[in-house]
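Reader: I'd like a close look at just one part of this model, taken slowly. Here's what I have on screen.

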Amino acid sequence: MKASKNYPKSFSHIGLTVPDIHKAVTFYTEVMGWYTIMEPSKVKKDRDTAIGQMCIDVLGEDWEEFEIAHLSTSDGIGIELFSFSNKPKDPAAFNPFNTGLFHFCIQDPNIEKLVGNIVANGGKQRMPIRSYYPDDKPFKMCYVEDPFGIVFEIYTHSYELTYSSGAYTS
């Protein structure tokens, strides 16, 4: 194998669009236990402010204002929530076959309790909880959906542990 001079980049944050930022902050802080870094606040389309100009650069011209909040996981990964008041509220259809973001994954050793809390708070369990190594190791996973239609996955163990032994081999 050829040695690479490249190094692995760290994951900073993910941005999620939700229909109601206050309900989303409540769900993610109470059910997922994530920390609120910045309470919901409004951003206005304003070329005279750095944040306004930056958002025009990213979002284009078809907006006037939106709400934003910043959360953090226990390991410092940011969750940036957006809510656009004048835009459609329906979630995009789940289609993992299209190019683009398929899902994100969080980790909790008590997957049964977390899945139950997600469902009890308006989310959905999209599949049964499954084991990668049913006879050998306690590595489990499950796809769920938050109350806003955002699909994500839950692992009981780290990504490295789950795949280092070759999850798809006998």
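Which exposed residues sit on the face of α3 turned away from its buried side? And could you go on from there to what lies on the other side?

Author: Sure, keeping in mind that this is a predicted model. The face of α3 turned away from its buried side carries Lys113 and Ala120, both exposed.

Now flip to the other side. Helix α3 spans residues 111–120, and its buried residues are Ile111, Leu114, Val115 and Ile118. Looking down the axis of α3, you'd find these buried residues within an arc of 100 degrees, so they line one face of the helix. The spacing fits the usual picture: an α-helix has 3.6 residues a turn, so residues three or four places apart point the same way.

What covers that buried set? The cover includes helix α1 (21–30) along with the strands β5 (104–107), β6 (124–125), β8 (140–145) and β9 (151–155).

From here you can step into the largest nonpolar core, which has 27 residues. Ile118 of α3 is among the residues that touch the most other members, together with Tyr28, Met32, Leu81 and Ile154. Helix α3 supplies at least two residues of this core, and so does each of β1 (13–17), α1, β3 (65–72), β4 (78–83), β5, β8 and β9. The biggest giver is α1, with five residues. Apart from this core lies another one, of eight residues, including Ile56, Trp63, Ile68 and Phe82.

One last thing back at the helix: just after α3, glycine 122 takes a positive phi of about 100 degrees.

Definitions and conventions
Residues numbered from 1 in each chain as written. Predicted model: local features only at pLDDT ≥ 70, side-chain atom pairs only at ≥ 80, totals over all residues. Heavy atoms only, no water. Buried < 20%, exposed > 50% of the residue type's maximum accessible area, 1.4 Å probe, protein only. Helix = DSSP H or I, 4+ residues; strand = E, 2+ residues; numbered from the N terminus. Arc of directions from axis to C-beta. Contact = heavy atoms within 4.5 Å. Core = buried A, V, L, I, M, F, W, Y, C linked by side-chain atoms within 4.5 Å.
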